[in-house]
Amino acid sequence: MAPAPPRPRRRRVLFEWAAVAAAATAVVAVLSLGQLAARADAVIYDAFSKLGVRTPRDDIVIVAIDNRSIQALGRWPWPRARHAELLRRLAQARPKAVAYDVLFVDPDRDPGADLALAEAVKAARPTLLPLTFDVPGENGAPFRTALPAPPLREAAAGLGQVNIAFDPDGVVRRAFLSEGDAGHDWPHLMELTYRQARGAPSPAFGPAPPPSAPHALDGLARRRPMMIAFTGPAGRFRTISFVDMIQGDVPAVFLRDKLVLVGATADGLGDRYATPLSGEAEAMPGVEVQANMLDGMLSGHAIRPLGPIGALGFALAPLWLLLASFLRLRPRENMLLGAGLIVAVLAVSAGLLLHGGLWAPPAAGLIGLLAVYPLWSWRRLEATSAYMVEELDAFAGEPDLLPDLAEAARRPGGEVIDHQLDLMRRTIGRARNLRHFVTDVLQGLPDATLVLAPDERVLAANREAEALFGGTDGRGLAGARLADLIAPFARAEGEGEGDAAAPDVEAAAPDGRVFSTRRQPLTDAAGRAAGWIVRFTDISAIKAAGRQRENILQLLTHDMRSPQVSILALLDSRDGAAAPDELAGRIRGYARRTLALADNFVHMARAETQHYAMETVDLGDLLLDAADDLWPQSSAKGVAVEVSTGDAEHLIRADRSLLTRALINLIDNGVKYTDAGGRVECRVAAGGTIDRPTAVCTIADTGRGMSPEQAEKLFERFHRAPSAGRTRADGVGLGLVFVQTVIERHDGDIRCESRLGEGSTFTITLPLETNGGPGSPISG
Amino acid sequence: MRVAALDDDEAQLEAVSQLVLATGHSCLPFQSGKALIAALRRESFDLLILDWNLPEMSGLEVIGWVRQHVSDPPPILLLTSRTDEADVVEGLNAGADDYVVKPFQPSILRARIAALFRRAYNRAPDKVEDFDGYSFDSAAEAVSMRGDLVTLTAKEFGLALLLFRNLHRALSRAHILEAIWGRNPDLPTRTLDMHISRIRSKLNLRPDNGFRLVPVYSYGYRLERLDAGRSAEADA
């Protein structure tokens, strides 16, 4: 079972994320830039505005042309003389400024009336008069600026536009502080009033030149938008009835240094508007809207709406924050974060509106946040589901340990859900069968076996293990600690220090049986440690056989040698001298051959044991040792053993004793088959390749040699070279098998080339020690 | 000198006794470890030649008793049929000073006995020490081989002199390393083998020159001088 490939799945999730991010960003951008969420923003704005209800300033006084005035003074429009009368009254009260929100656009039929009014305007200085724009204008012009009649124009301290800006829902929430065309920019009447009160343009008006035409309305450029911070519903400002003013019922002190707004509030005059706080029933007169504007500017509540780029940024920032967290946080955290972001957007928007003088429309951002979470959840589920089906499909296609399940045919087609359910059902079925299978396999093992968790507690045990450790049933051992189970076990004799839980050790059970314990790490499909399998093999019989073998070796090395040694000693003693020389010599010869045979068997047994004491040695040294060891025999026979090792070392990993014994056997062989006056040449040289450097040792004699067939059969176990005549060299067969065994155990290779009558050449190839170079020179 | 020989085999004991007597020393034969220990309680010996495998009390047990109970223990030579290298090392590590495998060559046994006497009852070394044609001048750290000066490094000189002084005696690697290099745990493991190889080559310590450097596997080295007349009767 291959580990699940995580990368394609991750890529798929990233792809889904990018698609969701792009879609959400596009939606939010269109909503924000196209102001498609303006209605929603309006609702939120109105709700926030209710939080901003405050007491109106007392330095703003409205002189209202109200129903009572109309009833008392007659139908509207009134003659200009009546307005002049009011202005005169106002002048006496010396207000700070008068904004007369009544249009005197058309010249009166009586030019004297205009002049009289102009006089009154002058008297009540500073008096500000409104103008308006007629749309469309004359002769195809986009608009016409409708100014007051010329005398009034000159008499007024300022002319300001009083255009009302309706939102799409017909509610008045904003005003433009300047309107006009490229030629002339008309400030708002309230901006002018503010300047009269404070002597400087309002902060909302701003010093910077307005953008070219952010809000074009039929060619009329509307600039410097400002949200009106309404103080509350209609009728909250100090209001004096026009008629009371004219009749002198108002004390002058009431108006002293006040900002006086004159305007119509009477129902019949129609100058009424819906505002965020006006409620459904009561509309707000235009003059009161103006008063609210002025109040806001004076109180520092002038609210500047965010520009399109700012609004877009405000809408996208929370969206992207949430999108980024999709990749980092878990679904639950993402949901909390989304909810938190919605609250935060509303809170920031409200905070900016009420205290920062800034209107950041939140609806686009909120819609983005609300839409992106389900969108992402859907895509992520889709991706996860696709991944699961893929994995299940792949798993269904993998070869199964249990054949009957693997044979279950895959049904193509069908409904998607059916297919998924089918896959799931089969996967679960496979897992169940596999568990049964594993349990059966464990029970079927002949050795006591424990399956351990990584913390060395027993997960499963077979019957043999339960019998060994005294568990009564399958539950008996589960959860037990390995250390507790093997505590009564003693380390087998001959084992070194350490505990019985170490891998591959021999341990003696309390009943005397000896077990070889072997622990093997378990890993899961991804290669992580998942626990251990510990197997206890009863090796009592093997141990007994080993002891027997030791006893036989002991017999050979000592008990069989000792009598031969005694025979030799006896022959050399004074009593032995009595024996005839020829007889003594033959007895001596047999005794020596028996000794040699015993020694060869012992060497052979050593060569086949497990433990080779490997060390780094110079092959040349070993060759010299071997030659020196044989010097007595070779010099006695008159055969010269010549060793040339060169100046370089040939370092190999070897059991020094065994390899030297092997070389001794080979040289001894050469000496035995070479007649007096002959030579045995021993050489060491470097060989092999750069990747696998070797040391090559050749031992060549000038003896009688062999036929190629004999040379080929030389290294067969217990095969004795049939020599010419009846001469029989002792133990040669066993000697060469020993050589072959030792060389092979050193990962080496031995060959023999031979010609009858010319001699034999044995070539040994041994791998050089890897970290030392081939033939490294001897250094100080 | 008084030598005690221990062997349960009469022929062997006789052979050893004859050899010792022939070298001019006295030899007391013992056939059991208990008898030898009883003698050791009463009198002292200058050398013990012990067999390993004995009924009742083994040679190694005798060595253990000697090391424990004799205040100034004499040198001990193990003479045994046990040929396995592990046995050789075990015997030497148990406290034997040298080890000879039966059947012994008389020349070798004589040389080993002489080496043990020389070491145990050594006189102060001369300024110039001569060993069969090799002359060591410790002051000059110079060695000459039959009159020809051989150039050796200081370590090679020390190693060669140590081996010659302990002719026919097995020296453990630890012994040699500590004598020549001192206690140096960082010494490369091949250092000793390389120096042995070099003095063998420079001083021609080869059988045809009368000398042989024998590795005692898993233990150390021994320098032997071959008796040219006797070596012909050597066997495998």
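Which elements of chain A and chain B cover the buried residues of H8(B)? The legends below address this and related views of a predicted model.

**View 1. Helix H8 of chain B and its covering elements.** The buried residues of H8(B) are covered by elements that include S23 and H21 of chain A, together with helix H6 (154-165), S11 and S12 of chain B. The buried positions in H8(B) are B:Asp193, B:His195, B:Ile196, B:Ile199 and B:Arg200. Because they cover an arc of only 165° around the axis, these residues lie on the same side of H8(B). Helix H8 comprises 12 residues (191-202), for which a rise of 1.5 Å a residue predicts a span of 16 Å; the end C-alpha atoms are 16 Å apart, in agreement with that expectation. Just after H8(B), B:Asn204 adopts a positive phi of about 50°.

**View 2. The hairpin of strands S11 and S12 in chain B.** Strand S11 (residues 211-216) and strand S12 (residues 220-225) of chain B run antiparallel and are joined by 6 bridges. One bridge pairs B:Val216 with B:Gly220 in S12(B). The hairpin has 3 residues between its strands, and B:Ser218 in the turn has a positive phi of about 65°. Both S11 and S12 of chain B are among the elements that cover the buried residues of H8(B).

**View 3. The side of chain A that touches chain B.** The contact takes 31 residues from chain A and 30 residues from chain B. On the side of chain A, the elements that give two or more residues are helix H18 (540-559), helix H19 (561-572), helix H20 (581-607), strand S23 (614-618), helix H21 (619-629), helix H22 (631-637) and helix H23 (656-673). Of these, H19(A) gives the most, with 8 residues. By class, this side of chain A has 13 nonpolar, 8 polar and 10 charged residues. Two of the listed elements, S23 and H21 of chain A, also appear in the cover of the buried residues of H8(B).

**View 4. The open parallel sheet of chain B.** In chain B, 5 strands form an open sheet in the order S2-S1-S3-S4-S5, with parallel pairing. Strand S2 (26-30) and strand S5 (98-101) of chain B are the edge strands, each pairing on one side only. From one strand to the next, the twist averages 20°. Strand S1 (residues 2-6) of chain B pairs with S2(B) in the parallel sense over 5 bridges. Within this pairing, B:Val3 stands opposite B:Cys27 in S2(B).

**View 5. Helix H3 of chain B and its packing.** Helix H3 (residues 59-69) of chain B has B:Gly59, B:Leu60, B:Val62 and B:Ile63 as its buried residues. They share the same side of H3(B), because they cover an arc of only 155° around the axis. B:Gln68 and B:His69 are exposed on the other side of H3(B). The buried residues of H3(B) pack against S1, helix H2 (33-42), strand S3 (47-50), strand S4 (76-80) and helix H4 (85-94) of chain B. Among these partners, S1, S3 and S4 belong to the open sheet of chain B.

**View 6. Chain A as context for the close-ups.** Chain A has 25 helices and 29 strands. Of its 780 residues, 36% are buried. Among the contacts in chain A with a separation of 6 or more, 70% come from residues 24 or more positions apart.

Note on methods:
Residues numbered from 1 in each chain as written. Chains lettered and ligands numbered in written order. Predicted model: local features only at pLDDT ≥ 70, side-chain atom pairs only at ≥ 80, totals over all residues. Pairing = 2+ DSSP bridges. Helix = DSSP H or I, 4+ residues; strand = E, 2+ residues; numbered from the N terminus. Axes fitted to C-alpha atoms, helices over the stretch in contact; angles between N-to-C directions. Contact = placed C-beta atoms within 7 Å. Nonpolar A, V, L, I, M, F, W, Y, C, P; charged D, E, K, R; others polar. Expected span 1.5 Å × (residues − 1). Buried ≥ 20, exposed ≤ 12 C-beta atoms within 10 Å, placed from the backbone. Arc of directions from axis to C-beta.
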